[in-house]
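Thanks for sharing this one. Here are my notes, point by point, for you to read alongside the coordinates.

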Amino acid sequence: MLGTALATMRVSPVPPLRWLGTAYVETVRNTPLTVVFFFVVFVLPQVDVVFSYFTFAVVALSIYHAALVCEAVRSGVNGVDAGQAEAARALGLTFSQCLRLIVLPQAVRNVIQPLGSVISALIRNSSIAAAFGVQELTGVVQRLTTANPDSVIAVLLGGVVGYLILTLALAGLLTLTERRLAGAR
Amino acid sequence: MPLVALEGVGKSFGDNRVLTDIDLTVESGEVVVVIGPSGSGKSTLCRCVNRLETIDTGRILFEDKPLPAEGRELARMRSRVGMVFQSFNLFAHRTVLDNLTIGPMKVLGQKRPQAEARARELLDRVGIADKADRLPRQLSGGQQQRAAIARALAMDPVLMLFDEPTSALDPEMISEVLDVMRSLASTGMTMIVVTHEMGFARSAADRVAFMADGRILEISPPDTFFDAPESERARDFLARILRH
Ligand SMILES: Nc1ncnc2c1ncn2[C@@H]1O[C@H](COP(=O)(O)OP(=O)(O)OP(=O)(O)O)[C@@H](O)[C@H]1O
Ligand SMILES: [Mg+2]
């Protein structure tokens, strides 16, 4: 969702929105995931945003992968012939109607493959995130002795399993969608 | 009052000056054919009229009002101006019928039965009533272009813009599209037509505008233009095109 919203910003006719979208994607894409994690886990509590480690992991992964999804959606949108959007605008459709009714439905076809690879990256990254969380966080937590490390591990492993179920379900859904579209062609 | 008026219009793409000091008025019911060598700015001129391209200098009036800035006002103005592209640009994921109903339903707020009835009537008028449920790619080029004309007409426009509507077509399909355009002209539709079809210009145009290097060098009734062109450039152009 965040990814599609970002992609909309990046193709919008409003320059500030476009810059914001581009700035976000470029910043996040050029930042290692571990840094994003550090930011979420250590900086957010400084400004009194405190969640469970699981939520932090979700937030970090969302921030990171929204940028990747955005790029996948954007390249899908760019793959749609510009004449389609022009014809839509010439009919008097608004920008959002043009995107919703004409461009995005056609972009979906181009997006399925790249989106698949974003999702598999998400699966891999959640395990990295878990490892990161387990080693670094337990270290920190033990030093601060504010929590029971075992429960942290449990929470993070639970997160990974949750992610796997989620992403595998999504991947299956995508395959189905792809097959249906292939049939419609 | 003219339906469309361009006053001192200028436009550049970066350093490339594409339109210079264009003055053109089009009266209601008039057919103006724009001809000229490749790169002279004909497409750009056409696209400026419904603001698919913005202009740098001068102004464009539609029904005596300057073209609105991007937004709902402009969308409303565009809904009254039909545009037909060289490459058809039918919505590839929608059936021909859907291509014709999407504008009336989403822009004009018509109900589906009304929009479909009108769409079928128009498809019949352009001779492809049997193609309503096909996807665009299942049609020949000539059929696609006729569907695209019908899509534009479904909005009940007061002005139709054509940018080289037959240039992407095989020769045997050109006349079926020109016939549709000719009959449209005879119903009194106001039209601006960019084309290389001199036969169409001669038979359907009220006035012919000749463009070169981003300027309108002359504009006159077709008989005057073809039999006694004023400018050297127009004489050269006609000599080259008629030799082919
Ligand atoms: N989007 C664009 N960006 C930059 N330059 C452009 C753009 N569109 C057109 N031009 C340039 O503007 C000039 C006029 O182009 P235009 O398409 O209006 O000519 P034309 O008379 O329609 O030519 P043709 O008969 O080949 O279609 C050309 O030099 C072209 O390269
Ligand atoms: Mg052109």
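1. Confidence by element in chain A. This is a predicted model, and the helices of chain A span a range of confidence: helix α5 (residues 82-91) of chain A has the highest mean pLDDT of its elements, at 94, while helix α7 (residues 149-184) has the lowest, at 58. Please also look at residues 134-138 of chain A, where the pLDDT is below 50. Beyond near neighbours in sequence, that stretch still has 11 contacts in the model.

2. Confidence of chain A as a whole. The mean pLDDT of chain A is 66. Residues that reach 70 or more make up 26% of the chain, so please keep in mind that local features are taken only from residues with pLDDT of at least 70.

3. Make-up of chain A. Seen from the N terminus, the elements read α-α-α-α-α-α-α, which comes to 7 helices and 0 strands. Chain A has 185 residues, and 40% of them count as buried. Of the contacts in chain A with a separation of 6 or more, 71% join residues 24 or more positions apart. The chain exposes about 9800 Å², with carbon and sulfur atoms supplying 67% of that area.

4. The sheet in chain B. Turning to chain B, you will find an open sheet of 4 strands in the order β2-β1-β4-β5, with antiparallel pairing. Its edge strands are β2 (16-26) and β5 (65-66), each of which pairs on one side only. Within the sheet, β1 (residues 4-13) and β4 (residues 57-62) of chain B pair in the antiparallel sense over 5 bridges. To check the register, start from B:Glu7, whose bridge partner in β4(B) is B:Arg59.

5. The surroundings of ligand 1. Which residues are closest to ligand 1? Of the 13 residues that surround ligand 1, the closest are B:Ser38, B:Gly39, B:Lys42, B:Ser43 and B:Thr44. Oxygen atoms of the ligand have polar partners in chain B: a backbone N or O atom of B:Gly39 lies at 2.8 Å, a polar backbone atom of B:Gly41 at 3.0 Å, and a polar side-chain atom of B:Asn16 at 3.2 Å.

6. How far ligand 1 is covered. Taken alone, ligand 1 exposes 630 Å², and the protein buries 59% of that. The elements giving two or more residues to the shell around ligand 1 are β2 and α1 (42-49) of chain B. Helix α1(B) gives the most, with 3 residues. Strand β2 of chain B therefore appears twice in these notes, as an edge strand of the sheet and as a contributor to the ligand shell.

Methods. Residues numbered from 1 in each chain as written. Chains lettered and ligands numbered in written order. Predicted model: local features only at pLDDT ≥ 70, side-chain atom pairs only at ≥ 80, totals over all residues. Heavy atoms only, no water. Buried < 20%, exposed > 50% of the residue type's maximum accessible area, 1.4 Å probe, protein only. Contact = heavy atoms within 4.5 Å. Areas by Shrake-Rupley, 256 points an atom, 1.4 Å probe, with all protein chains shown as cover. Pairing = 2+ DSSP bridges. pLDDT = per-residue confidence, 0-100. Near = heavy atom within 4 Å. Polar contact = N/O pair within 3.5 Å; in protein donor to acceptor, adjacent residues only side chain to side chain.
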